[in-house]
Amino acid sequence: MKKILIINGHPNAESFNFGIAEAYENGAIFSGAEVETITIANLKFNPNLQFGYQKRTELEPDLLESWEKIKRADHLVWIHPVWWGGLPAIMKGFLDRLFLPGMAFRYRENSVWWDKLLKGKTAHIITTLDQPGWYYRLMFGRPSVNQLKKSTLEFCGVKPVKVSYVGIIKTSNEKQRKKWLEKIYNYGLQNK
């Protein structure tokens, strides 16, 4: 049985991202997968990596529990909006505080190389936009995807990482949103 973890990075519980998370979860559960969730906005933690990597700040209980969920999962589903080309601040803080040396990766002594400690996991990034996905890629170089997919997940050994764009959100109607939710449900059903 595949173990799926859905990580919702939108801070507003009334956002369409919560509908996306629910649609994916429903599909995955119907497929027989074991599903856990993390709603980052509901966690109690300081998102500021105050000392960088020079000094470790103790992880709060919600972050420790989140890390256990990440370790258990075979497949990570990241759901978030793109704001100013990047991730919401709370999601960035979650990554900064949790994807640490010795946990998600390990630097090798006297080397530029590192060990990827999350090998064997796959991921799917589902991101909402107020522009077409092709425009975000061509005009801006998709910075949030580069940050999460390449600089974080793949850096730590998560591969492959699929990316799906949902948008244009601000001009969408109920019919369009229903189509998107059906598509996301099918992603969950297929565990991808």
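**Exercise 1. Classify Arg72 as buried or exposed, or place it in between, and describe its salt bridge.**

Arg72 has 38% relative accessibility and therefore counts as partly exposed; buried means under 20% relative accessible area, exposed over 50%, and partly exposed in between, with a 1.4 Å probe and protein chains only. The model is predicted: local features need pLDDT of at least 70, side-chain atom pairs count only at pLDDT 80 or more, and totals for chains, interfaces and linings use all residues. Residues are numbered from 1 along each chain as its sequence is written, and side-chain values use heavy atoms, with hydrogens and water left out.

The partner of Arg72 is Glu36, and the closest N and O atoms of this salt bridge are 2.9 Å apart. A salt bridge is a side-chain nitrogen of Lys or Arg within 4 Å of a carboxyl oxygen of Asp or Glu. Glu36 belongs to strand β2 (residues 34-39) and Arg72 to helix α2 (residues 61-72), so that distant parts of the chain, 36 residues apart, are linked. Helices (H or I, at least four residues) and strands (E, at least two) are DSSP runs, numbered from the N terminus. Glu36 is partly exposed as well, at a relative accessible area of 23%.

**Exercise 2. Determine which parts of the chain the salt bridge between Glu60 and Arg97 ties together.**

The closest N and O atoms of Glu60 and Arg97 lie 3.0 Å apart. Glu60 is in the loop between β2 and α2, whereas Arg97 is in helix α3 (residues 89-98); the pair therefore ties together parts that are 37 residues apart in sequence. Arg97 is buried, at 2% relative accessibility.

For a bridge within one helix, take Lys71 and Glu68, whose closest N and O atoms are 3.1 Å apart. Both residues lie in helix α2, 3 residues apart, about one turn of the helix.

**Exercise 3. Assign the geometry of the aromatic pair Tyr136 and Tyr165.**

A pair of aromatic rings is described by the distance of the centres and the angle of the planes. Rings of Phe, Tyr and Trp (its six-membered ring) pair if their centres lie within 6.5 Å; planes under 30 degrees apart count as stacked, over 60 as edge-to-face and the rest as tilted. The structure holds 13 aromatic pairs. In Tyr136 and Tyr165 the ring centres are 6.1 Å apart and the planes stand at 75°, so this pair is edge-to-face. Tyr136 lies in helix α4 (residues 133-140) and Tyr165 in strand β7 (residues 161-166), so parts 29 residues apart in sequence are tied together. Tyr136 is buried at 0% relative accessibility, whereas Tyr165 is partly exposed at 22%.
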